[in-house]
Amino acid sequence: MEHPNKAFGYAARRETDEKDVAFKVLYCEICHSDLHMVKNEWGVSTYPLVPGHDIAGIVTEVGSKVDKFKIGDRVGVGCLVDSCRTCQNCEESLENYCPRSTLTYGAKHAAEPLLCAGITVYSPLRYFGLHKPGLQYFTLDGIIDTVSANHRIVPLIGVPKSHGKLVMVGAPNKPLELPVFPLLQGRKLVAGCAIGGLKET
Ligand SMILES: [Zn+2]
Ligand SMILES: [Zn+2]
């Protein structure tokens, strides 16, 4: 069903700089983190707030030093648009952990083949060694937990085999209960992971 109100927006809110790409936003993804932001469940929202941090559209303007994109190209932008490029995380292509990174959440103004939902699962699969052929996800070697609401994780810790991993990528706003004993039995690992760097996308 078509919405009666037509909405148009531009990703760049400032002047297009020599290394910038401006594009007309045609599509926008909403993931659970946007719902957290709308309700200020993480306590960091500033209003007015436009939800949606994966955006795709058509290039309308390119800066003089841009050579990878031209007007009319289809582009997509994920959660992260800038970082300091000098800290250790940036040097290791882990811009997503840069303390001075610029996110698309309620922020300003880049192009990646893997957007939020893709990289959020792909990055931990690789980092925690769950991507190798022959491993069995969700039953033995590891679980990627995408649940964004409060939930009991003890039953999940019990599912993977010994040395199995439970990787949290959802972000419930209240602390989860984590009794240690289930970790000791089977040398289990509970970890977290937030999107991925530019190289990985
Ligand atoms: Zn950095
Ligand atoms: Zn997302």
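**Helix H3, its strand surroundings and backbone outliers in a predicted model**

Lys-24 lies in strand E2. The model is predicted: local features need pLDDT of at least 70, side-chain atom pairs count only at pLDDT 80 or more, and totals for chains, interfaces and linings use all residues. Residues are numbered from 1 along each chain as its sequence is written, while chains are lettered from A and ligands numbered from 1 in the order in which they are written.

The secondary structure of the chain comprises 5 helices and 9 strands. Helices (H or I, at least four residues) and strands (E, at least two) are DSSP runs, numbered from the N terminus. Along the sequence the elements follow the pattern β-β-α-β-β-β-α-β-α-β-α-β-α-β. The chain has 201 residues, and 26% of them are buried. A residue is buried if 20 or more other C-beta atoms lie within 10 Å of its own, exposed if 12 or fewer, and partly exposed in between; C-beta atoms are placed from the backbone.

Lys-24 is partly exposed, because 13 other C-beta atoms lie within 10 Å. Its C-alpha is 6.4 Å from that of Thr-60, although the two residues are 36 apart in sequence. A second long-range approach involves Asp-20 and Gly-63. These residues are separated by 43 positions in sequence, and their C-alpha atoms are 5.2 Å apart. Asp-20 sits in the loop between strand E1 (9–10) and E2. With 18 C-beta neighbours inside 10 Å, Asp-20 is partly exposed.

Helix H3 covers residues 116–127. Its 12 residues should span 16 Å at 1.5 Å a residue, the expected span being 1.5 Å times one less than the number of residues. The end C-alpha atoms are 16 Å apart, which agrees. The buried residues of H3 are Cys-116, Ile-119, Thr-120, Val-121, Ser-123 and Pro-124. An α-helix has 3.6 residues a turn, so residues three or four places apart point the same way. The cover over the buried residues of H3 includes strands E2 (21–29), E3 (54–62), E7 (142–145) and E8 (165–168). Contact here requires C-beta atoms, placed from the backbone, to lie within 7 Å. After H3 comes Gly-129, with a positive phi near 70°.

Strand E7, part of that cover, is itself covered on both faces. Gly-142 and Ile-144 are buried on one side, and Ile-143 and Asp-145 are buried on the other. E7 pairs with E8 in the parallel sense over 4 bridges; pairing requires that DSSP find at least two bridges between two strands. Gly-142 has Lys-165 of E8 as its bridge partner.

Several loops carry backbone outliers. Most residues other than glycine have a negative phi, and most peptide bonds are trans. Arg-85, not a glycine, has a positive phi of about 65°. Arg-85 lies in the loop between strand E5 (80–82) and helix H2 (88–91). It counts as exposed because it has 11 C-beta neighbours inside 10 Å. Ser-93 likewise has a positive phi, near 60°. The loop that holds Ser-93 runs between H2 and strand E6 (102–103). With 13 C-beta neighbours inside 10 Å, Ser-93 is partly exposed. The peptide bond from Tyr-47 to Pro-48 is cis, with omega near 0°. Pro-48 belongs to the loop between helix H1 (32–38) and E3.

Key. Two residues are in contact if their C-beta atoms, placed from the backbone, lie within 7 Å.
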